[in-house]
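This report goes through a single chain in pieces: charged pairs, helix packing, then backbone details. Please keep the model open while reading.

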Amino acid sequence: MFSFYNKHNNSLYNNLVKLSRNISFYKDLSLKDNFETRVILIFFHLSIILVKFKKNNKNNFPQKIYDNIFTNIEYNLRELGYGDVSVNKQMKTLNKIFYDILLKIKVDDSNNLTIAKNIILDHLFKDTSLSEEIVTKINNYFKNFYNFIFELDDVIVLKGEINYNFK
């Protein structure tokens with residue numbers, strides 16, 4: 001009836017949640033402080049981690065950890081009061097958003113990260129006007145996050161021991 005849920009394998013997810021709760025996203029960049037925005041920020045961070053694993057080409061990102069992250073998001077939707085039908089519909093939408101983000105993050109041969117401006121506008125700033133300064137700040141944040149993650153050992157990343165601070 002219920003799938004087995006491994007509570008002890010949440011360190012990467014918990015760290016992604018912590019990164020998505022960075023006050024500067026909401027205070028300095030004027031993002032809406034809600035569940036959807038936080039999940040999208042988790043997706044940006046996770047996508048960058050996956051790009052790092054692909055670029056290193058040494059290790060594949062473990063499916064078990066990937067599944068655990070999405071299971072946690074599903075459980076959080078249920079905690080918010082969504083029913084079975086709504087959760088399934090919402091998870092389908094969130095999966096599309098995740099893959100849209102993942103496919104539009106590129107790393108060139110010089111190891112420079114590029115995020116398409118429209119992906120930031122489409123998913124983080126719906127229905128709001130956006131200055132070029134804010135787009136630049138978000139891009140700088142994620143470029144610095146990528147550079148930070150790229151220097152970390154894969155095992156440390158998988159354990160969720162990411163102590164990234166950017167102001």
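Lysine 137 is partly exposed, at 35% relative accessibility. The model is predicted, and this value is computed from it. Lysine 137 forms a salt bridge with glutamate 133. The closest N and O atoms of that pair are 3.5 Å apart. Both residues belong to helix H7 (residues 132-151). They sit 4 residues apart, so about one helical turn separates them. Glutamate 133 is exposed, because its relative accessible area of 51% is over 50%.

**Salt bridges**

How many salt bridges does the structure hold? There are 6. Side chains of opposite charge can pair when their charged atoms come close. Three of the pairs are tabulated here.

| Pair | Closest N to O distance |
|---|---|
| Lysine 137 and glutamate 133 | 3.5 Å |
| Arginine 38 and aspartate 33 | 2.7 Å |
| Aspartate 154 and lysine 52 | 2.6 Å |

Aspartate 154 and lysine 52 join distant parts of the chain. Aspartate 154 lies in helix H8 (residues 154-158). Lysine 52 lies in helix H3 (residues 35-56). The two are 102 residues apart. Are they buried or exposed? Aspartate 154 is buried, and lysine 52 is buried too.

Arginine 38, the partner of aspartate 33, is partly exposed. Its relative accessible area is 22%. That value is not under 20%, so arginine 38 does not count as buried.

A network of salt bridges links Glu74, Arg78 and Asp84. These residues return in the next section.

**H4 against H5**

Helix H4 (residues 63-79) and helix H5 (residues 84-103) have axes that come within 10 Å. They cross at roughly 135°. H4 is therefore oblique to H5. The crossing is right-handed.

Which residues of H4 meet H5? They are Tyr66, Phe70, Ile73, Glu74, Leu77 and Arg78. On the H5 side stand Asp84, Val87, Gln90, Met91, Leu94, Asn95, Phe98 and Tyr99. By class, the contact of H4 with H5 has 9 nonpolar, 2 polar and 3 charged residues. Glu74, Arg78 and Asp84 take part in this contact, and a network of salt bridges links them.

**H3 against H5**

H5 also packs against H3, at an angle of about 45°. The axes are 9 Å apart. This angle makes H3 oblique to H5. Here too the crossing is right-handed.

H3 contributes Val39, Ile40, Phe43, Phe44, Leu46, Ser47, Leu50 and Val51. H5 contributes Leu94, Ile97, Phe98, Ile101 and Leu102. The contact of H3 with H5 divides into 12 nonpolar residues, 1 polar and no charged. Leu94 and Phe98 of H5 appear in this contact, and they also meet H4.

**Loops and backbone**

Most residues other than glycine have a negative phi. Serine 30 has a positive phi of about 60°, although it is not a glycine. Where is serine 30? It lies in the loop between helix H2 (23-27) and H3. Serine 30 is exposed, with a relative accessible area of 53%.

Asparagine 111 also has a positive phi, near 70°. It is found in the loop between strand S1 (105-107) and strand S2 (113-115). Is asparagine 111 buried or exposed? Its relative accessibility is 19%, so asparagine 111 counts as buried: the cut-off is under 20%.

Phenylalanine 125 occupies the loop between helix H6 (117-124) and H7. It counts as buried, at 6% relative accessibility. Phenylalanine 125 and leucine 31 are 94 residues apart in sequence. In space, their C-alpha atoms are 7.1 Å apart.

**The whole chain**

The secondary structure of the protein comes to 8 helices and 2 strands. From the N terminus, the order is α-α-α-α-α-β-β-α-α-α. The protein has 167 residues, of which 42% count as buried. Among contacts with a separation of 6 or more, 67% join residues 24 or more positions apart. The salt bridge of aspartate 154 and lysine 52 links residues 102 apart.

Technical notes:
Residues are numbered from 1 along each chain as its sequence is written. This is a predicted model: local features need pLDDT of at least 70, side-chain atom pairs count only at pLDDT 80 or more; totals for chains, interfaces and linings use all residues. Side-chain values use heavy atoms; hydrogens and water are left out. A salt bridge is a side-chain nitrogen of Lys or Arg within 4 Å of a carboxyl oxygen of Asp or Glu. Buried means under 20% relative accessible area, exposed over 50%, partly exposed in between (1.4 Å probe, protein chains only). Axes are lines fitted to C-alpha atoms, for helices over the stretch in contact, and angles run from 0 to 180 degrees between N-to-C directions. Angles under 35 degrees count as roughly parallel, over 145 as roughly antiparallel, 65 to 115 as roughly perpendicular and the rest as oblique. A crossing is left-handed if the near helix is turned anticlockwise from the far one by less than a right angle, and right-handed if clockwise. Contact means heavy atoms within 4.5 Å. Ala, Val, Leu, Ile, Met, Phe, Trp, Tyr, Cys and Pro count as nonpolar, Asp, Glu, Lys and Arg as charged, and the others, Gly among them, as polar.
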